[in-house]
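Here is a set of short questions on how features of a structure get their labels. Each answer sets a value against its cut-off.

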Amino acid sequence: MKPKLIVLTGAGISAESGLRTFRDSDGLWEGYDIYEVASPLGWEKNPSLVQDFYNMRRKDVMAAQPNSAHMGLAQLEEWYDVRIITQNIDDLHERAGSTRVLHLHGEILKKRSVLNETELYPVEGDIAMGELAPDGGQFRPHVVWFGESVTMIEPAVLEIVQADLFVLIGTSLNVYPAAGLVDYLRPGVPKYIIDKKIPPVKGSDYHLIEKPATEGMAELMALLKK
């Protein structure tokens, strides 16, 4: 059996594919206050603004290409049972060839009714106001907004407790509950962090690779091949 490699990724891995990150933008995302466009309150106040914002993000994602860090994780499936837990709503891991990807915060290429969060529909173009799901509810992006529950956190915990090896790439560990996942790692599991700015972590047993995701991934692959 292949050893189980659990990877937690954040915005930093997609930044090198040209997708902007919250972290680099002082609580603004391309000029928008995050809570105006990514919270239930923002949706209640101005659903058209929220819809337009995510329609633009969807175009950005579809125009972006996976980078060598995404590709490297897919290649590691040759030697490891790789399970990716991502905070990202893009599909770059899947397009790079990774076969087991759990999206904590939803997927921008899916939509759902405001009345039902479990039934998902693919979406590649824009979602229009007035475009209704079969249950009569307005379609919205399948993303977890600030203040909404992260329903995928329990499946993520079930993955992380089984890790034989753990890698953290491009996440500031500022967003909970995702940031708490590292607390579920078993003692003694080899742990690596790749980030151009290493986030604060408990414990001194992490192997730190202070580089952008693409360079850091190349270094990690060289280390793992040894």
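**Values and verdicts**

L8 stands opposite L168 in β9. The model is predicted.

Q: What makes β1 and β9 a pair of strands?
A: Pairing takes at least two bridges. Strand β1 (residues 4-9) and β9 have five bridges, so they pair, in the parallel sense.

Q: How do you know that β10 pairs with β9?
A: Four bridges join β9 to strand β10 (residues 191-194). The cut-off is at least two, so they count as paired. The two run parallel, and F166 stands opposite K191 in β10.

Q: Why is strand β9 called largely enclosed?
A: Five of the five residues of β9 (residues 165-169) are buried, so the rest of the structure largely encloses the strand. Both faces are covered. L165, V167 and I169 lie on one side, F166 and L168 on the other. In a regular strand, side chains alternate between the two faces of the sheet.

Q: Why is the pair Y35 and F146 called tilted?
A: The ring centres are 5.3 Å apart, and the planes meet at 50°. Pairing needs centres within 6.5 Å; under 30 degrees would be stacked and over 60 edge-to-face, so 50° is tilted.

Q: What makes this pair a link between distant parts of the chain?
A: Y35 is in helix α2 (residues 34-37). F146 is in the loop between β8 (139-143) and α7 (153-160). They are 111 residues apart.

Q: Are Y35 and F146 buried, partly exposed or exposed, and why?
A: Y35 has 53% relative accessibility; exposed means over 50%, so Y35 counts as exposed. F146 has 30%, between the 20% and 50% limits, so F146 counts as partly exposed.

Q: What makes F53 and Y54 an edge-to-face pair?
A: Their ring centres are 5.2 Å apart and their planes lie at 90°. Edge-to-face means over 60 degrees, so the label fits. F53 has a relative accessible area of 0% and Y54 has 4%. Buried means under 20%, so both are buried. The search of the whole structure finds four aromatic pairs.

Q: How do you know that the length of helix α4 agrees with its residue count?
A: Helix α4 (residues 47-63) has 17 residues, and the expected span is 24 Å at 1.5 Å a residue. The end C-alpha atoms are 24 Å apart, so the two agree. Among its buried residues are V50, Q51, R57 and V61.

Q: Why is Q138 called buried?
A: Its relative accessible area is 12%, under the 20% limit, so Q138 is buried. Q138 lies in the loop between β7 (116-122) and β8. Its contacts include W43, Q51, R112 and I127.

Q: What makes Q138 and G130 a polar contact?
A: The side chain of Q138 reaches the backbone nitrogen of G130 at 2.7 Å. The limit is 3.5 Å, so the distance qualifies.

Q: What places a charge over the ring of F139, and over the ring of W145?
A: The charged end of K111 is 4.3 Å from the ring centre of F139. The charged end of R140 is 3.7 Å from that of W145. The distance limit is 6 Å, so both fall within it.

Q: What makes β6 mostly covered, and which strands pair with it?
A: Six of the eight residues of β6 (residues 106-113) are buried. Five bridges join β6 to β8, and four join it to β7. Both pairings are antiparallel. S113 stands opposite F139 in β8.

Note on methods. Residues are numbered from 1 along each chain as its sequence is written. This is a predicted model: local features need pLDDT of at least 70, side-chain atom pairs count only at pLDDT 80 or more; totals for chains, interfaces and linings use all residues. Side-chain values use heavy atoms; hydrogens and water are left out. Rings of Phe, Tyr and Trp (its six-membered ring) pair if their centres lie within 6.5 Å; planes under 30 degrees apart count as stacked, over 60 as edge-to-face and the rest as tilted. Buried means under 20% relative accessible area, exposed over 50%, partly exposed in between (1.4 Å probe, protein chains only). A charge sits over a ring if NZ of Lys or CZ of Arg is within 6 Å of the ring centre and within 35 degrees of the ring normal. The expected span of a helix is 1.5 Å times one less than its number of residues. A polar contact is a pair of N or O atoms within 3.5 Å; within protein, one must be able to donate a hydrogen and the other to accept it, and residues adjacent in sequence count only if both atoms are side-chain atoms. Contact means heavy atoms within 4.5 Å. Lists of a residue's contacts leave out its neighbours within four places in sequence.
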